[in-house]
Amino acid sequence: MSGGGRERGSDSESFSSDEKEVAASSAEGGSSFEECPAGEDDSESSSSSSSEEESDAEESDGRRSDEEQEEKELLPHCNESGVNCPTTCEHCRNENDQKEQVTPRRLAGGQHVVQLDAEGTYQCSLTGLIFEVTGAVKITYSLLSWSKYANLVKKPWIVGGPLFDVRCDSASALTSIQFPHSLCLSDHGAGMAFKVLHIKGEGAAIEPSADYSASHVKWVVSSLSPVGPLIQSQEPVQYHGAVILYKVVDEHPSLSFRVYVATNNDSFIKDISRAVKHSNKKFIKIDKPPVCQKLLQKGKRYRLVCEPEAEVTPEEIEFVDGSLLKLKSYIEVYLEKPDDFTMSLVELESDATVWKAKLRESDWIHYDQNKNEQKRSTISVKKRKPTLSILEEDELCSKKQKTGNAADGIETRILTDQQLMVIAKLFGRQWREIAIECLQTEMKDIEQIQATEEEVNMQKFLMLSKWRDREQSNGTAETLYRSLQEKASYEILQALQGFSARC
């Protein structure tokens with residue numbers, strides 16, 4: 001790597017006054033936050049983290065195209081061959097050090113796995129991660145959201161790139177990992193400090209980087225759990241940016257869009273995709289070249305311009321890296337008359353065009369037509385039955401075990417009590433959060449269950465049973481899989497896939 005200011009990881013680095021304040025404030029808040037030298041092993045591994053992190057689930061064969069589209073959406077810097085390429089930038093140094101490209105196999109839960117057969121340096125063609133290994137090894141990794149760990153990133157440090165959870169069947173054979181970053185170093189690399197945030201259990205440690213380049217930050221592996229690059233800069237930070245477009249899908253002839261201005265950071269872009277999926281509205285992603293042609297800078301103001309004119313809210317934005325924010329800001333664009341139009345992002349200070357795209361009706365008309373066809377063929381909406389007594393619920397459940405869902409002519413079975421107990425035992429400590437977010441369970445229901453049942457696995461089972469009763473004939477493994485795929489562990493999703501395959 002060709003970093004201008006190397007930070008070797010063999011010696012511990014002393015705290016600055018700011019960092020001492022960070023450590024003290026974090027300790028008071030109940031989260032451990034320390035600065036450690038690289039190579040210092042820690043007993044806490046990824047066993048408790050990987051099973052409960054946000055990650056996208058692998059879709060069924062019938063929805064494979066949607067999953068591939070989402071992967072493209074997360075990786076706007078990939079070329080058509082699928083090889084991860086650094087964003088073209090006139091300010092960044094070109095690197096001729098080509099790594100052997102490897103294409104991972106996708107697993108459920110948004111995980112990727114590569115089998116490396118010999119010593120060497122390999123680059124994942126999908127995520128841009130670079131692994132240095134001393135021998136044959138199997139590496140499993142997934143992309144995580146920074147927003148969940150926002151309280152662990154303290155000033156003056158800021159997010160430098162995506163966050164990953166990496167695991168390995170032979171940790172000693174994985175010597176270093178290079179994480180892609182979204183910064184344009186230009187001539188400012190000497191004024192930046194690069195480190196990594198190493199998340200361990202409920203706390204985290206700042207560990208030194210071994211090196212950095214125009215596209216990556218290198219870290220010597222100490223132990224395996226979620227890790228992502230951090231930076232500290234004395235000058236304004238410039239980012240390689242991306243503009244992500246979504247169109248509202250509804251019955252109105254007018255056009256409504258969401259426009260997200262983001263750093264070219266896969267964790268950030270994944271958060272945007274998840275926010276859109278969980279919106280009350282239906283959206284389709286508009287496939288336009290997302291990468292900004294000019295750099296984005298924190299604090300600078302930008303305006304979205306449409307031709308012909310459209311309603312744009314807000315009219316101006318001040319750019320910030322929203323990686324740590326749970327709610328991602330966006331620009332809303334509304335056109336009364338559906339027609340082709342041009343959308344441009346303009347920097348106010350220089351009046352320079354940062355990004356531009358031509359939108360045509362053909363970009364979304366086929367999707368709308370397909371959705372309308374699907375609507376005409378769907379089954380009528382089911383009415384919810386009134387609340388039943390416990391005995392009546394038990395009787396109903398026993399009857400529903402063999403009830404089929406006749407949609408598309410495929411018979412599916414309601415999850416049995418035994419199957420729900422299997423899933424309940426696979427849930428980790430965050431089962432309450434997942435139940436509220438993914439299964440629309442109310443906190444009062446969870447509190448009621450905990451008040452009447454002390455055993456934790458039974459609490460989880462009763463929560464799932466309540467979900468099954470609420471779903472009625474849709475209380476199937478497939479429905480539960482779709483509801484949990486954003487949050488559940490790989491083991492849960494695998495179990496649900498197995499239940500679906502038996503039907």
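**Reading turns, helices and cysteines**

Trainee: Pro308 sits in the loop that runs between β21 (301-307) and β22 (311-313); what kind of peptide bond joins Glu307 and Pro308?

Mentor: This is a predicted model, in which local features need pLDDT of at least 70 and side-chain atom pairs count only at pLDDT 80 or more, while totals for chains, interfaces and linings use all residues. Residues are numbered from 1 along each chain as its sequence is written, and side-chain values use heavy atoms, with hydrogens and water left out. Most peptide bonds are trans. The bond joining Glu307 and Pro308 is cis, with omega about 0 degrees, and a cis bond also joins Lys155 and Pro156, with omega about 10 degrees. Pro156 belongs to the loop between β7 (137-144) and β8 (158-159) (strands are DSSP runs of E, at least two residues, and helices runs of H or I, at least four, numbered from the N terminus).

Trainee: What is the sign of phi at Gln440, and is Gln440 buried or exposed?

Mentor: Most residues other than glycine have a negative phi. Gln440, however, has a positive phi of about 55 degrees, and its place is the loop between α7 and α8. At 55% relative accessibility Gln440 is exposed (over 50%, whereas buried means under 20% and partly exposed in between, with a 1.4 Å probe and protein chains only). Gln472, in the loop between α9 and α10 (477-484), likewise has a positive phi, near 55 degrees, but Gln472 is buried, at 15%.

Trainee: Which residues of α8 are buried, and against what do they pack?

Mentor: In α8 (residues 443-452) the buried residues are Asp445, Ile446 and Ile449. Viewed down the axis, they fall within an arc of 100 degrees, so they line one face of the helix (the arc is taken from the directions from axis to C-beta atoms). Lys444 and Ala451, on the other side, are exposed. The buried residues pack against α7 (431-438) and α9 (456-471), counting contact as heavy atoms within 4.5 Å.

Trainee: How is α8 set against α9?

Mentor: The two helices pack at an angle of about 135 degrees, with axes 9 Å apart, and they are therefore oblique to each other (angles under 35 degrees are roughly parallel, over 145 roughly antiparallel, 65 to 115 roughly perpendicular and the rest oblique; axes are fitted to C-alpha atoms over the stretch in contact, and angles run from 0 to 180 degrees between N-to-C directions). Asp445, Ile449 and Gln450 in α8 meet Gln459, Leu462, Met463 and Lys466 in α9.

Trainee: How many disulfides are counted?

Mentor: A disulfide is a covalent bond between the sulfur atoms of two cysteines. With the cut-off of sulfur atoms within 2.5 Å, the count here is 0. Cys168 is buried at 18% relative accessible area, and Cys292 is buried at 7%.
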